[in-house]
Amino acid sequence: MSGIRPTGFLHLGNYFGAVRNYVRMQEEFECYFMVADLHSLTTHPDTKELKTNVHRVLSENIACGLDPDRVALFCQSHVYETAELYLYLNMLAYKGELEKTVTFKDKVRQHPENVNAGLLTYPVLQTADIILHRASYVPVGKDQEQHLEMARTFANRFNHRYGDVFPEPQAFNYGDELVKVPSLDGAGKMSKSENQYATLYLSDNDKLIMDKVKKAKTDSGPTEPNSPKPEIIQNVFSLMKLVSGQDVIDKFETDYNNCTIRYGDMKKQLGEDMVKFIGPIREKAESIRNNPAYLKEVMEKGAEKARKSAAATMELVREAIGLNYF
Ligand code: ADP
């Protein structure tokens with residue numbers, strides 16, 4: 001189970017942190033993937049663009065290889081049970097621990113004019129999304145690690161108080177560790193709503209990709225052979241590892257270690273490899289986005305599957321809490 005907020009176009013971080021794992025997991029597991037439209041209301045109260053953004057996220061997920069016939073691909077707001085479980089979990093979540101959440105503190109800094117209760121209880125809603133399907137594995141990027149820890153805490157607290165209903169959810173990735181795709185300006189991570197020029201979107205055209213990569217932050221190059229890489233240089237190598245062939249990476253590693261590296265050449269190569277990677281996804285997503293009837297069908301089918309699973313869990317939840325008076 002996992003979700004992505006419909007707050008803009010998907011980017012490389014969403015792909016490598018999340019969607020790539022979704023696509024592999026669908027071969028192995030019963031999967032629930034959602035467009036987290038309710039979550040987006042905590043930071044994006046203006047809903048004018050919401051429908052377009054929901055269509056975008058769905059199209060891009062499908063273009064990346066997610067098969068709506070194999071998984072439940074749905075919209076969070078179509079599964080009303082989420083709100084009920086969120087309510088019960090809110091009584092098990094303490095103000096102090098919610099206030100300590102790093103993402104909450106970040107959002108307060110970014111939007112001091114809109115510190116709403118939904119923002120504070122974001123990790124509770126996220127827990128409800130996950131455990132509503134009694135999910136064990138949650139494919140997410142590194143930035144979600146703390147939220148997953150909180151989801152485990154809330155699920156365990158429920159089990160402890162009312163009896164074992166939920167498995168312990170854990171963050172999942174096919175690699176050794178959770179992924180963080182760095183932004184091109186060396187400041188933080190690629191993101192849907194911030195750092196737009198330092199983020200590569202799956203919708204960017206070839207020229208824009210080349211331009212953005214060309215402007216990626218580098219320095220004047222190493223002066224001592226085999227020196228450790230500064231973070232901004234490590235970031236460029238990390239991006240290259242996502243999309244370039246091993247021979248290409250090896251060449252630039254050798255050049256770096258010999259102090260003969262030319263970052264202009266490296267960025268040109270990286271830009272071309274990014275274009276090759278992003279181009280086909282962009283084109284496929286565009287054609288899916290132009291078919292709203294198909295997207296409606298996908299959402300309806302997805303909601304039906306998700307509601308079935310949610311209804312079964314909520315029977316157990318109400319019974320465990322003791323809300324069964326009939
Ligand atoms: P954003 O932060 O771009 O708005 P979301 O909060 O909707 O994205 O996150 C959707 C998924 O993408 C989550 O699993 C999150 O961990 C992952 N993700 C977002 N940005 C990155 C990144 N730069 N690197 C790795 N994973 C990321």
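Q: What does "contact" mean here?
A: Contact means heavy atoms within 4.5 Å. The model is predicted, by the way.

Q: OK, so among contacts between residues at least 6 apart in sequence, what share joins residues at least 24 apart?
A: 76% of them do.

Q: How many helices and strands does the protein have?
A: There are 14 helices and 5 strands.

Q: Why call it as compact as a globular protein of that length?
A: Its radius of gyration is 21 Å, close to the 20 Å that the globule rule gives for 326 residues, so the protein is as compact as a globular protein of that length.

Q: What share of the residues counts as buried?
A: Of the 326 residues, 49% do.

Q: Switching to the ligand. How many residues surround it?
A: 20 residues do. The closest are His11, Gly141, Asp143, Val181 and Lys192.

Q: What's the mix by class?
A: The shell has 6 nonpolar, 9 polar and 5 charged residues.

Q: Which element gives the most to that shell?
A: Helix H1, with 4 residues. H1 spans 12–25. Strand S1 (2–4) also supplies at least two.

Q: And which atoms of lysine 192 and the ligand pair up?
A: A polar side-chain atom of lysine 192 lies 2.7 Å from an oxygen atom of the ligand. A polar side-chain atom of asparagine 14 lies 3.0 Å from a ligand oxygen atom. Valine 181 uses a polar backbone atom, 2.8 Å from a nitrogen atom of the ligand.

Q: How much of the ligand does the protein bury?
A: 96% of the 540 Å² that the ligand exposes when taken alone.

Conventions:
Residues numbered from 1 in each chain as written. Predicted model: local features only at pLDDT ≥ 70, side-chain atom pairs only at ≥ 80, totals over all residues. Heavy atoms only, no water. Near = heavy atom within 4 Å. Polar contact = N/O pair within 3.5 Å; in protein donor to acceptor, adjacent residues only side chain to side chain. Areas by Shrake-Rupley, 256 points an atom, 1.4 Å probe, with all protein chains shown as cover. Nonpolar A, V, L, I, M, F, W, Y, C, P; charged D, E, K, R; others polar. Rg over C-alpha atoms; globule rule 2.2 N^0.38 Å. Buried < 20%, exposed > 50% of the residue type's maximum accessible area, 1.4 Å probe, protein only.
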